Amino acid sequence: MRAARTFLLVALLVGAAMIWRVDPAFAGDPAQELISELRCPSSTYSQPLASANSSDAVWIRSFIRAKIAEGWSKQRIVDTLVRQYGEGILPAPAKEGFGLAAWVTPFAVILAGAAMLAYLLSSWLRERKWHDAYLTAEMARDIDDDDLRRYETQLDRELEQFE
């Protein structure tokens with residue numbers, strides 16, 4: 001019970017620290033929120049727009065701030081930027097067309113790998129059982145009646161010693 005209370009207290013403290021860590025400059029600023037969500041189109045490794053220093057990034061940040069000031073919605077701004085720069089500006093691929101393949105492929109590969117692993121393990125276990133059964137049958141075939149009687153006698157003696 002004490003461990004549960006300690007865990008709850010730590011979780012509350014971490015949650016409070018995360019809430020207080022939010023920069024007040026970004027809180028409630030739709031332009032900055034949108035800038036932090038988008039990617040720089042001229043960056044080769046999908047750099048966040050907020051930290052990019054290219055001329056395109058500077059222009060896009062000023063464009064977003066200007067359009068937010070004019071009253072444009074976030075979606076209208078994003079649609080305009082996608083038309084101009086392509087879907088590379090979005091933080092994730094679209095969930096349609098080729099972008100859908102980008103979403104589905106990793107899960108399909110993981111599922112196929114798990115199925116293949118399950119198949120290989122089951123076939124390995126099946127082979128192992130057959131091999132063990134074969135060895136047991138071979139060993140049983142080599143035992144004659146005299147050996148079996150000697151073994152039973154020795155087993156009976158050892159069991160009497162334990163009793």
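**Entry 1: H2 against H4**

I began with the pair H2 and H4, and I noted that their crossing is right-handed. I was working from a predicted model throughout. The axes of H2 and H4 come within 11 Å and cross at roughly 40°. Angles under 35 degrees would count as roughly parallel, and I therefore entered H2 and H4 as oblique to each other. For the residues in contact, I listed Pro30, Glu33, Leu34 and Glu37 on the H2 side, and I found that they meet Lys74, Ile77 and Val78 on the H4 side. Sorted by class, this contact of H2 with H4 has four nonpolar and three charged residues, with no polar ones.

**Entry 2: H2 against H3**

Next I turned to H2, which covers residues 30–37, and its packing on H3. I read that the axes of these two helices, H2 and H3, come within 9 Å and cross at roughly 145°. The crossing of H2 past H3 is right-handed. From H2 I wrote down Pro30, Ala31, Gln32, Leu34 and Ile35, which meet Arg61, Ile64, Arg65 and Ile68 of H3. The class count for the contact of H2 with H3 is six nonpolar, one polar and two charged residues. I noted that Pro30 and Leu34 are listed in the contact of H2 with H3, and that Pro30 and Leu34 are also listed in the contact of H2 with H4.

**Entry 3: H3 against H4**

I then looked up the remaining pair among these helices, with H3 spanning residues 55–70 and H4 spanning residues 74–85. H3 and H4 pack at an angle of about 150°, and their axes are 11 Å apart. Since angles over 145 degrees count as roughly antiparallel, I recorded H3 as roughly antiparallel to H4. Their crossing, too, is right-handed. On H3 the contact is made by Asp56, Trp59, Ile60, Phe63, Ile64, Lys67 and Ile68, and on H4 by Ile77, Thr80, Leu81, Gln84 and Tyr85. By class I have eight nonpolar, two polar and two charged residues for the contact of H3 with H4. Ile64 and Ile68 of H3 appear in this list, and I had already written both down where H3 meets H2; likewise, Ile77 of H4 is listed here and in the contact with H2.

**Entry 4: the loop between H2 and H3**

I went on to Gln47, which is found in the loop between H2 and H3. The side chain of Gln47 reaches the backbone oxygen of Ser51 at 3.3 Å. Leaving aside residues up to four places away in sequence, I found that Gln47 touches Arg39, Cys40 and Ala52.

Cys40 led me to Val58, which lies in helix H3. Cys40 and Val58 are 18 residues apart in sequence, and their C-alpha atoms are 9.5 Å apart in space. Is Val58 buried, exposed or partly exposed? At 44% relative accessibility, Val58 counts as partly exposed, because the buried class is under 20% and the exposed class is over 50%.

**Entry 5: the chain as a whole**

Last, I looked up the totals. The chain has six helices and zero strands, and along the sequence I read the pattern α-α-α-α-α-α. Of its 163 residues, 15% count as buried. Among contacts in the chain with a separation of 6 or more, I noted that 39% come from residues 24 or more positions apart.

Technical notes. Residues are numbered from 1 along each chain as its sequence is written. This is a predicted model: local features need pLDDT of at least 70, side-chain atom pairs count only at pLDDT 80 or more; totals for chains, interfaces and linings use all residues. Side-chain values use heavy atoms; hydrogens and water are left out. Axes are lines fitted to C-alpha atoms, for helices over the stretch in contact, and angles run from 0 to 180 degrees between N-to-C directions. Helices (H or I, at least four residues) and strands (E, at least two) are DSSP runs, numbered from the N terminus. Angles under 35 degrees count as roughly parallel, over 145 as roughly antiparallel, 65 to 115 as roughly perpendicular and the rest as oblique. A crossing is left-handed if the near helix is turned anticlockwise from the far one by less than a right angle, and right-handed if clockwise. Contact means heavy atoms within 4.5 Å. Ala, Val, Leu, Ile, Met, Phe, Trp, Tyr, Cys and Pro count as nonpolar, Asp, Glu, Lys and Arg as charged, and the others, Gly among them, as polar. Buried means under 20% relative accessible area, exposed over 50%, partly exposed in between (1.4 Å probe, protein chains only). A polar contact is a pair of N or O atoms within 3.5 Å; within protein, one must be able to donate a hydrogen and the other to accept it, and residues adjacent in sequence count only if both atoms are side-chain atoms.
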